[in-house]
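Got a model open and want to work through how its pieces sit together? Let's go at it in questions and answers.

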Amino acid sequence: MKTNIGVFFGGCSTEHEISVISASQAMSAIDRSVYDVTPIYITKQGHWYTGEALLDVANYRDTASLLKQCREVYMQPTRGDYNLYAAKRTMFGKGIVTKLDVVIPVLHGSYGEDGTFEGILDAIGIPYAGCNVLASANGMDKITMKMILQACDIPVVDYVWFTDKQWYSSREELISRVESTLGYPVIVKPANLGSSVGIGRAADREALVERVNEAEKYSTRIIVEHMVENLHEVNCSVLGDCDDYRTSVCEEPIKSGEILSYEDKYMGGTKGAKGMQASQKRIPADLPAEVSDRIRFLAGETFRVLSCHGVSRVDVIMDADNGQIYVNEINTIPGSLSFYLWEATGISFDKLMDTLVKLALKRKREQGMKTISYDQNIFSMGGGGKGSKCKLK
């Protein structure tokens, strides 16, 4: 029997539509002579659906009509139960729609790329591609990510961070801190969103207030970064696990304004969103060999120190005035799974998907060799009785 891959996408995120596009591309690339594919679409309200109609991205123009052609499903939070169950069961039968063997999450943004969904999969125990809870959470949150990178001597731009509540209670103090620490111009970002959502440039105090007010609509944590004015943005993808990985060729995205926008990334100058591969870019980036090697090294180090897994994309900033290179962020579930970078590196999309499945199964085997519980029952040995004391060592 073929291995059945459950591809999860959509989700309760501002990047919902981009997730649908990325998943559609990924599912089309999977070799059906080797694997079966079960699409599982998560609506913006958090309901799960499956059905063949989900494979055609054109059907998402009318979501209500699409869902009428699909079946609502769920998975039980029972370890070892890899079944997909029908939400509405018939009078007879167990209601099993299919059994999944491995999961590939293609969920961008909140409640998917941030470790939330990965925690569900870990509780069930099913093998899945991509970063685990810890790496996903650290990679998604721009603040904790920069803290870890700084501690590991990976260069990042100077920054100030604070919560939305701090912004309302200590606004003047925070503004002064930004001005004294960073100066202008700065970039303001929600700490845990991707796809350039909620991001803006501020060249003075008035603009800073406007940008922070906008960013706090999306996140409880805000980061303000020094803006490198004469910059080049370069991206590099990494594939593997933190102990054995390889890096792709570099790409240079072409932006239409001062920062790379949502439209630059996903609209590609067309009338319909087509994912990251449609955006304007130079592949490979026009860089000296030593600069490209440095960027690939930093991308690999970022992947390694964050304990990443599967395929990620690391975005760096080059200061054209002094040649300094900074890691900007990591996308642990990158748009279009960065397949276009791997094709340019010599790995086809179907081979990329096959590699992700094999990485998921390999991690599951390695986890099975670790001790996660003990067979002893302390209650049967007289422990844990009323009034007894337990010392933790």
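A quick definition to start: buried means under 20% relative accessible area, exposed means over 50%, and partly exposed is what lies in between. Keep in mind that this is a predicted model.

Q: How many helices and strands does the chain have?
A: Let's begin with the overall picture. Of the 393 residues in the chain, 53% are buried. Among contacts with a separation of 6 or more, 66% link residues 24 or more positions apart. The secondary structure comes to twelve helices and 16 strands.

Q: Is Thr-345 buried, partly exposed or exposed?
A: Thr-345 belongs to helix α11, residues 339–345. Its relative accessibility is 31%. Since buried stops under 20% and exposed needs over 50%, Thr-345 counts as partly exposed.

Q: Which backbone oxygen does the side chain of Thr-345 reach?
A: Thr-345 has company from elsewhere in the chain: beyond its neighbours within four places in sequence, it is in contact with Thr-247, Ser-248 and Val-249. Its C-alpha is also 9.1 Å from that of Pro-284, 61 residues apart along the chain. As for the side chain, it spans 2.6 Å to the backbone oxygen of Leu-341.

Q: Why do the buried residues of α7 fall on the same side of the helix?
A: Helix α7 covers residues 171–181, and Leu-174, Ile-175 and Val-178 are buried in it. On the other side of α7, Glu-173 and Ser-180 are exposed. The buried ones end up on the same side because they cover an arc around the axis of only 100°.

Q: Which elements do the buried residues of α7 pack against?
A: Take the end of the helix before the packing: just after α7, Gly-183 takes a positive phi of about 75°. The buried residues of α7 have both helices and strands as partners, namely β8 (159–163), α6 (164–169), β9 (186–190), α8 (205–215) and β11 (221–226).

Q: Where does the side-chain oxygen of Asn-132 reach at the start of α4?
A: Helix α4 runs over residues 133–140, with Ala-135, Ser-136, Asn-138, Gly-139 and Met-140 buried. Those buried residues pack against α3 (116–124), α5 (142–151) and β16 (325–331). At the start of α4, the Asn-132 oxygen comes within 3.3 Å of the backbone nitrogen of Leu-134.

Q: How are α4 and α5 oriented to each other?
A: Their axes lie 5 Å apart and the packing angle is about 100°. Angles of 65 to 115 degrees count as roughly perpendicular. So α4 and α5 are roughly perpendicular.

Q: What is the make-up by class of the contact of α4 with α5?
A: On the α4 side you'll find Ala-137, Asn-138, Gly-139 and Met-140, and these meet Lys-142, Thr-144, Met-145 and Ile-148 of α5. Gly goes with the polar class here. The tally is four nonpolar, three polar and one charged.

Q: What is the orientation of α1 with respect to α12?
A: Helix α1 (residues 16–29) and helix α12 (residues 349–367) have axes that come within 8 Å and cross at roughly 95°. That crossing makes α1, relative to α12, roughly perpendicular.

Q: Which classes of residue make the contact of α1 with α12?
A: From α1 come Gln-25, Ala-26 and Ala-29, while α12 brings Phe-349, Asp-350 and Met-353. Sorted by class, the contact has four nonpolar, one polar and one charged.

How values were computed:
Residues are numbered from 1 along each chain as its sequence is written. This is a predicted model: local features need pLDDT of at least 70, side-chain atom pairs count only at pLDDT 80 or more; totals for chains, interfaces and linings use all residues. Side-chain values use heavy atoms; hydrogens and water are left out. Buried means under 20% relative accessible area, exposed over 50%, partly exposed in between (1.4 Å probe, protein chains only). Helices (H or I, at least four residues) and strands (E, at least two) are DSSP runs, numbered from the N terminus. Contact means heavy atoms within 4.5 Å. A polar contact is a pair of N or O atoms within 3.5 Å; within protein, one must be able to donate a hydrogen and the other to accept it, and residues adjacent in sequence count only if both atoms are side-chain atoms. Axes are lines fitted to C-alpha atoms, for helices over the stretch in contact, and angles run from 0 to 180 degrees between N-to-C directions. Angles under 35 degrees count as roughly parallel, over 145 as roughly antiparallel, 65 to 115 as roughly perpendicular and the rest as oblique. The arc is that of the directions from the helix axis to the C-beta atoms.
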